[in-house]
Amino acid sequence: MKPFRKNVALAIDGGGIRGVIVTRALAILEKQLGKPCRDIFGLTAGTSTGSIVSAGIGAGLTGAQMTQLYQDLGNNIFKKTLRSRLWLITKYRYPHEPLEAALRQHIGDLKMGDFWTTKPSIDVLITCFDLEENRTRFIKPWKPEYAAWSAIKAVLASSSVPTFFPAVDGRYVDGGVGSYANPCYPTAYELKFCLNWDPAETTLISLGTGVGRHKFDPQRANSMWAWDWLGPVMGAFLKSADDEQVHLVDTLFPELDFRRFQVQMSEDIGMDQPEQMPRLLEYGDEMARKILNDEMDIPPSFKGPPLPYEGV
């Protein structure tokens with residue numbers, strides 16, 4: 001693995017239980033480097049399950065501890081009940097309480113501002129979408145409006161995938177509802193323009209949570225019912241937003257040591273399938289191997305030379 005630069009940032013995608021792919025890879029990275037994530041990264045950013053990992057790092061948890069957390073709590077958080085099966089008439093599938101209790105046990109009563117004031121400080125950027133104001137919020141420990149937020153509230157807000165969990169305070173839902181299921185671009189912006197890190201002295205690690213193997217039969221397109229389009233349309237939106245974020249970082253921060261890692265799964269594993277834990281751990285091992293061998297997953301940039309800007 002190519003050595004990291006002076007400053008190191010981490011951005012983690014959403015993905016529910018598939019976050020264990022990331023924690024497993026981080027545990028192996030910690031073993032390779034001989035130090036915990038809290039001593040490796042000065043900035044962590046995450047959306048949804050990525051916010052759990054980012055806040056966990058800020059609280060001093062190791063990759064191995066977070067991996068065990070996912071293994072222990074997956075079946076409890078995503079417990080299959082009558083509610084989860086009849087969610088169309090119960091409004092959401094899973095209550096917040098099991099996840100909140102686990103966060104309280106492992107993160108405690110930390111405020112967002114504590115990440116910034118504790119020495120050594122760490123910047124923890126968490127995304128969520130504000131339904132009331134119709135905008136993405138970037139929750140940061142150094143911003144006065146968020147310093148008093150509990151870390152648990154920030155994580156729950158970022159993790160509240162619509163239909164899976166209830167909205168926090170009746171207004172905050174998963175940051176992936178906007179354009180930031182992959183938060184690598186706001187992370188690059190944060191490190192350069194907010195922390196004043198020199199991109200030429202900075203490594204940004206961006207970690208996905210696995211891409212399933214989707215097969216679509218074009219013969220079906222004109223015979224699909226309205227509800228049949230939900231999956232393909234959401235998949236297209238998330239994949240396009242993901243590629244957009246990577247392309248923005250690759251294009252606008254050319255001096256940055258940007259490393260994007262993703263694993264291609266041979267099956268579709270949903271965000272609420274803890275029964276797939278053994279397979280997910282295998283994908284975590286694969287991601288770790290990619291990180292340690294610099295096998296990056298950068299989507300192709302737009303082809304051709306840039307056109308001259310003429311303005312209007």
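**α4 against α7**

I started with the contact between helix α4 and helix α7 in this predicted model. From α4, residues 63-77, I listed Leu69, Leu73, Asn76 and Ile77. Their partners in α7, residues 97-106, are Pro98, Leu99, Ala102 and His106. I sorted the residues of this contact by type and got 6 nonpolar, 2 polar and no charged.

I then looked up the geometry. The axes of α4 and α7 are 9 Å apart, and the packing angle is about 155 degrees. Angles over 145 degrees count as roughly antiparallel, so I entered α4 and α7 as roughly antiparallel to each other. The crossing of α4 past α7 is right-handed.

**α1 against α13**

Next I took helix α1, residues 19-33, with helix α13, residues 277-292. Their axes lie 7 Å apart, at an angle of about 45 degrees. I therefore noted α1 and α13 as oblique to each other. α1 also passes α13 in a right-handed crossing.

On the α1 side I wrote down Val20, Ile21, Val22, Arg24, Ala25, Ile28, Leu29 and Gln32. On the α13 side the residues met are Met277, Leu280, Leu281, Tyr283, Gly284, Asp285, Met287, Ala288, Ile291 and Leu292. By type, the contact of α1 with α13 holds 14 nonpolar, 2 polar and 2 charged residues.

**Val263**

I followed α13 back to the loop between β7 (257-261) and α13, where Val263 lies. Is Val263 buried or exposed? Its relative accessible area is 0%, so I count Val263 as buried.

I looked up what Val263 touches, leaving out neighbours within four places in sequence. The list is Ile21, Gly210, Val211, Tyr283, Glu286, Met287 and Lys290. Ile21, Tyr283 and Met287 were already in my notes from the contact of α1 with α13. For the pair Val263 and Tyr283 I also took the C-alpha to C-alpha distance, which is 6.9 Å, with their positions 20 residues apart in sequence.

**Helix α3 and Thr49**

I turned to helix α3, residues 49-58. How many residues of α3 are buried? I found 10 of the 10 buried, so α3 is largely enclosed by the rest of the structure. They are Thr49, Gly50, Ser51, Ile52, Val53, Ser54, Ala55, Gly56, Ile57 and Gly58.

I picked out Thr49 in α3 for its contacts. Thr49 has 3% relative accessibility and therefore counts as buried. Not counting residues up to four places away in sequence, Thr49 touches Asp13, Gly14, Gly15, Gly16, Gly19, Tyr70, Ser159 and Thr209. Of these, Gly19 falls within the range of α1, and Tyr70 within that of α4. After α3 comes Gly60, with a positive phi near 95 degrees.

**Backbone exceptions**

I then went through the backbone for unusual values. Most residues other than glycine have a negative phi, and most peptide bonds are trans.

Which peptide bond did I enter as cis? The bond from Lys119 to Pro120 is cis, with omega near -5 degrees. Pro120 sits in the loop between α8 (112-117) and β3 (123-130).

Asp169 is not a glycine, yet its phi is positive, about 55 degrees. I placed Asp169 in the loop between α10 (151-159) and β5 (172-174). With 53% relative accessibility, Asp169 counts as exposed.

Asn196 is another residue other than glycine with a positive phi, here near 60 degrees. Asn196 belongs to the loop between α11 (184-194) and β6 (202-207). The relative accessible area of Asn196 is 63%, so I put Asn196 down as exposed.

**Whole chain**

I closed with the totals. The protein has 13 helices and 7 strands. Of its 312 residues, 49% count as buried. The exposed surface is about 15,300 Å², and carbon and sulfur atoms supply 55% of that area. I also looked up how far apart in sequence the contacting residues are. Among contacts between residues at least 6 apart, 77% join residues at least 24 apart.

Terms used
Residues are numbered from 1 along each chain as its sequence is written. This is a predicted model: local features need pLDDT of at least 70, side-chain atom pairs count only at pLDDT 80 or more; totals for chains, interfaces and linings use all residues. Side-chain values use heavy atoms; hydrogens and water are left out. Axes are lines fitted to C-alpha atoms, for helices over the stretch in contact, and angles run from 0 to 180 degrees between N-to-C directions. Helices (H or I, at least four residues) and strands (E, at least two) are DSSP runs, numbered from the N terminus. Angles under 35 degrees count as roughly parallel, over 145 as roughly antiparallel, 65 to 115 as roughly perpendicular and the rest as oblique. A crossing is left-handed if the near helix is turned anticlockwise from the far one by less than a right angle, and right-handed if clockwise. Contact means heavy atoms within 4.5 Å. Ala, Val, Leu, Ile, Met, Phe, Trp, Tyr, Cys and Pro count as nonpolar, Asp, Glu, Lys and Arg as charged, and the others, Gly among them, as polar. Buried means under 20% relative accessible area, exposed over 50%, partly exposed in between (1.4 Å probe, protein chains only). Accessible areas come from the Shrake-Rupley method with a 1.4 Å probe; for residues, only the protein chains shown count as cover.
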